Amino acid sequence: MAQQSRVTVPSPGCLAAITVPIVAVLIAASVLMVMHYRQERANERNKAEALERTADLAHSYARDMVVALVAPNGFPGQEVVRGIAERHDGRLLSYARSEDSLTTTVRFFGEYEDTNMFGVSHSRAYHCYSIVLRKGAEGAPQAKTSPLEECNVI
């Protein structure tokens with residue numbers, strides 16, 4: 001007897017039973033990837049806004065320092081400077097006073113919402129600034145605020 005080879009074609013219902021779950025998984029994966037991408041962009045935007053707020057805090061701190069410098073006692077002491085920094089959500093990292101200038105390094109914090117698939121958490125972004133106060137030629141105080149690349153002073 002000769003052996004016959006038979007090719008069977010799956011029924012349309014069987015093909016659908018195999019294809020539908022695969023397509024559903026691909027759609028679900030695509031939706032999750034898009035959601036993740038959008039969350040990451042929103043988190044980056046929120047962090048950038050928080051860092052912008054730190055710049056505003058640094059300038060506000062510098063204005064308050066100029067007001068403190070107008071006081072007849074000259075440059076404010078370290079505890080006064082620390083208090084001004086804390087009022088502006090900052091942390092005084094260094095204080096260097098000379099006869100004609102006062103240089104401080106302050107880390108300012110900005111809070112933002114960090115979203116992931118499991119919920120929302122509150123995070124803190126920070127940036128450090130160097131603030132130099134000098135008395136000008138006419139005795140008027142001047143402040144120069146400069147962002148620092150790294151906060152390696154602790």
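The paragraphs below lead through the helices, the strand pair, the salt bridges and a surface patch of this predicted model.

A useful starting point is helix α2, which spans residues 78–87 and whose buried residues are Val-81, Ile-84 and Ala-85. These three cover an arc of only 100° around the axis, and therefore they sit on the same side of α2. The other side of the helix carries Glu-79, Glu-86 and Arg-87, which are exposed. Just after α2 comes Asp-89, whose phi is positive, at about 55°.

The strands can be taken next. Strand β1, residues 90–97, runs antiparallel to strand β2, residues 101–116, and 7 bridges join the two. The connection from β1 to β2 is a hairpin through 3 residues. Within this pairing, Leu-92 has Val-106 in β2 as its bridge partner.

From here the charged side chains deserve attention. Side chains of opposite charge can pair when their charged atoms come close. With a limit of 4 Å between a side-chain nitrogen of Lys or Arg and a carboxyl oxygen of Asp or Glu, the count comes to 3 salt bridges. One of them links Arg-87 to Asp-64, at 3.5 Å from N to O. Because Arg-87 belongs to helix α2 and Asp-64 to helix α1, this pair ties together parts that are 23 residues apart in sequence. Arg-87 counts as exposed, at 57% relative accessibility, whereas Asp-64, at 25%, counts as partly exposed.

Helix α2 also holds the salt bridge between Glu-79 and Arg-82, whose closest N and O atoms are 2.8 Å apart. The two residues are 3 residues apart in the helix, so that about one helical turn separates them. Glu-79 is exposed, with a relative accessible area of 57%, while Arg-82 is partly exposed, at 26%.

A further salt bridge joins Glu-44 to Arg-41, with 2.9 Å between the closest N and O atoms. These residues lie in helix α1, where a spacing of 3 residues means that they are separated by about one helical turn. Both partners are partly exposed, Glu-44 with a relative accessibility of 44% and Arg-41 with a relative accessible area of 29%.

The surface also has a nonpolar patch, formed by Val-23, Ile-27, Val-31, Leu-32, Met-35, Met-117 and Phe-118, which together have about 720 Å² of accessible area. Of these, Met-35 is placed in helix α1, residues 12–70, and at 39% relative accessibility Met-35 counts as partly exposed.

Key. Residues are numbered from 1 along each chain as its sequence is written. This is a predicted model: local features need pLDDT of at least 70, side-chain atom pairs count only at pLDDT 80 or more; totals for chains, interfaces and linings use all residues. Side-chain values use heavy atoms; hydrogens and water are left out. Two strands pair if DSSP finds at least two bridges between them. Helices (H or I, at least four residues) and strands (E, at least two) are DSSP runs, numbered from the N terminus. Buried means under 20% relative accessible area, exposed over 50%, partly exposed in between (1.4 Å probe, protein chains only). The arc is that of the directions from the helix axis to the C-beta atoms. Patches are made of residues with over 30% relative accessible area and no salt bridge: like charges are joined within 9 Å, nonpolar side chains (Val, Leu, Ile, Met, Phe, Trp, Tyr) within 5 Å. Accessible areas come from the Shrake-Rupley method with a 1.4 Å probe; for residues, only the protein chains shown count as cover.
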